[in-house]
Each structure stands twice: as C-alpha cells, then as structure tokens.
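The following exercises concern a single protein chain. Each sets a task and then works through the solution step by step.

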Amino acid sequence: MSGAAVPLRRLGVFGGSFDPPHRAHNALAHQAVEQLRLDALHIIPTGEAWHKSRVLTAASHRLAMARLAFADLPKVVVDDRETRRRGPSYTVDTLTELAAEEPGVELFLIIGEDQAKSLQSWHRWQAILQLAIICVAARADSSGARGTFNAELLAQTPFQVLNLPPMDVSATDIRHRLANCQNVAPLVFEAVARYIAHHHLYQTA
Ligand code: ATP
C-alpha cells in the first residue's frame, strides 16, 4: 500500500551568544519562521564561543534571557545543548546531532550577514553546507548603513536571504549602554531589561 509522502520537518537553527538577546534577534527569528515556513526554530546559545575573545555572561543567565526574549514566538524553543557540551561550541556538531536525532529533517541555519562573511573560517564549514541551507539576514553597520552581503563568498552555496530590513542593534552596543547607565529600552524587551537589572548584569563594559 502506498501512502502519501510525509513532508520533511523544516527545522531552523539560530545560534549566538545572546549576551544579551535583543530585538533584532527576535525580529530575525520571527521572519525566519514565517518566510522559511519552519515547523520549529531552535535558539541555541553558545557554550564556549571559539570565535569571541570576551568572556561570556554565565550560560544560565543567557538561557534565561533568551527564554524571555523569544517567549512571544510560538514555534521557537530555546535549546541548551551547546551550553551543556564540553569544549568549543561548533555549529557543525550541533547540526550533526540534530540531523541524527531526526533522520531526514531539513535544517536551515539562520545567521546574520557579519557571520555569513566569516563562514569560511568556521570549523568544518564545508560540512555545515552539506548539513543545512544557509539563510542570511542583512545587518546594518554601526552607522546604520545597510550592509552588502558578499554573495560571491558563498557563490557555490545554496543560501537564502531573509527579507527583513537591517536593524542597527548589537549586543555589544547594549552592553556598553548598560555599563554607562544609558537607556536600552528600544533595543531589548522589557522582560529582558528587568532580568538584567534584577541580576545586576553588564555593570561594566
Ligand atoms: P555581539 O555584539 O556581542 O557580537 P550580536 O549582537 O552580534 O552580539 P550574537 O548573539 O552574537 O549578537 O548574534 C547571534 C546571531 O544573530 C548572529 O548570526 C548575528 O549575525 C545575528 N545578528 C545579531 N544582531 C543582528 C542584527 N542587528 N541584524 C542581523 N543579524 C543579527
């Protein structure tokens, strides 16, 4: 007996330090779910960021803030696997795990333009391209100017562009503002701002 083919589940993966998670992260996640018709999107705070020299805020805080920052998005789940893994958090390991957990799942890796530009420096980046479709969001630079995604760099890659206007928001800027007692209200959700204040995070830059 031949039944109708079961459509593959479309699973998005959005990793980052989320230190703290901000409104551009949320807008990007929302757009990814809609545009890519995702069945689920995993937000994956990094454990050990191999590509950032700064010491990250404790994983427990970043996970808690991520849960608050993405709480309004129904298909989005915060996944703590990288914070539980020992050693550097490599995206290739995360994608390999997810593919093994759900054979046949279609994986979409969501990244900002800055990360897309350095993708070829990532651990086993060619394997990443085999495992997932890369989906890139344009990112405004610090002057607010629209960045230009270097499509040449990924010429041989089946990547998709996420259609959302570039937002000039970064966690670095938010940390600096907090350390200087400046207002971050337009940049982070209120629940995240309250969490930061309650736990006295980011008091020094
Ligand atoms: P930091 O300033 O500390 O480097 P960040 O704001 O870049 O942090 P991350 O948690 O490092 O935030 O980013 C997670 C992912 O979200 C990355 O793929 C990054 O490119 C993307 N991203 C973050 N902010 C934006 C933005 N304003 N526009 C597009 N993509 C973004």
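**Exercise 1. The setting of I44**

In which strand does I44 lie? Determine its surroundings in this predicted model.

*Solution.*

Step 1. I44 belongs to strand β2, which spans residues 40–45.

Step 2. The relative accessible area of I44 is 0%. Buried means under 20%, so I44 is classed as buried.

Step 3. The contacts of I44, leaving aside residues up to four places away in sequence, include V13, F14, G15 and G16, the residue F18, and also D79, R81, E82, T94 and L98.

Step 4. One of these contacts can be described through the backbone: the C-alpha atoms of I44 and G15 are 4.5 Å apart, although 29 residues separate the two along the chain.

**Exercise 2. Strand β2 and its neighbours**

Establish which residues of β2 are buried on each side, and identify the strands that pair with β2.

*Solution.*

Step 1. In a regular strand, side chains alternate between the two faces of the sheet. The residues of β2 may therefore be sorted into two sets: A40, H42 and I44 on one side, and L41, I43 and P45 on the other.

Step 2. Every residue in both sets is buried, and both faces of β2 are accordingly described as covered. The count for the strand is six of six residues buried.

Step 3. Strand β1 (residues 10–16) runs parallel to β2 and is joined to it by six bridges. Within this pairing, G16 has P45 as its bridge partner. Between β1 and β2 the chain passes through helix α1 (residues 23–35), and the resulting β-α-β crossover is right-handed.

Step 4. Strand β3 (residues 76–78) also pairs with β2 in the parallel sense, over three bridges. Here L41 has V76 as its bridge partner.

**Exercise 3. The aromatic cluster**

How many aromatic pairs does a search of the whole structure find? Characterise their geometry and the residues involved.

*Solution.*

Step 1. The search finds two aromatic pairs. In the pair F14 and F18, the ring centres are 5.4 Å apart and the planes stand at 85°, so the arrangement is edge-to-face.

Step 2. The pair F18 and F70 is edge-to-face as well, with 5.9 Å centre to centre and 85° between the planes. This pair connects distant parts of the chain: F18 is in the loop between β1 and α1, while F70 is in the loop between α2 (59–69) and β3, 52 residues apart.

Step 3. Burial can now be assigned. F14 is buried; F18, at 2% relative accessibility, is buried; and F70 is buried with a relative accessible area of 3%.

Step 4. Taken together, the ring pairs link F14, F18 and F70 into a cluster.

**Exercise 4. Two helices with a buried side**

Compare the buried and exposed residues of helices α4 and α8, and state what each buried side packs against.

*Solution.*

Step 1. Helix α4 comprises residues 91–101, and its buried residues include T91, V92, T94, L95 and L98. Because these residues cover an arc of only 160° around the axis, they lie on the same side of α4. On the face turned away from that side are the exposed residues A100 and E101.

Step 2. The buried residues of α4 pack against β1, β2, α3 (81–84), β4 (106–112), α6 (125–131) and β5 (132–137). The packing against β2 fits the contacts of I44 with T94 and L98.

Step 3. In helix α8 (residues 190–198), V192, Y195 and I196 are buried. Their arc around the axis is only 100°, which means that they share the same side of α8. The opposite face carries exposed E190, R194, A197 and H198.

Step 4. The buried residues of α8 pack against α2 and α7 (171–179). After α8 comes H200, with a positive phi near 55°.

**Exercise 5. The overall arrangement**

How many helices and strands are there in the protein? Place them in order and describe the burial and contacts of the chain.

*Solution.*

Step 1. The protein has eight helices and six strands. Along the sequence they follow the pattern β-α-β-α-β-α-α-β-α-α-β-β-α-α.

Step 2. Of the 205 residues, 44% are buried.

Step 3. Among contacts with a separation of 6 or more, 76% are between residues 24 or more positions apart.

Terms used. Residues numbered from 1 in each chain as written. Predicted model: local features only at pLDDT ≥ 70, side-chain atom pairs only at ≥ 80, totals over all residues. Heavy atoms only, no water. Buried < 20%, exposed > 50% of the residue type's maximum accessible area, 1.4 Å probe, protein only. Helix = DSSP H or I, 4+ residues; strand = E, 2+ residues; numbered from the N terminus. Pairing = 2+ DSSP bridges. Right-handed = clockwise from strand over helix to strand, strands pointing away. Contact = heavy atoms within 4.5 Å. Arc of directions from axis to C-beta. Phe/Tyr/Trp six-rings, centres within 6.5 Å; stacked < 30°, edge-to-face > 60°.
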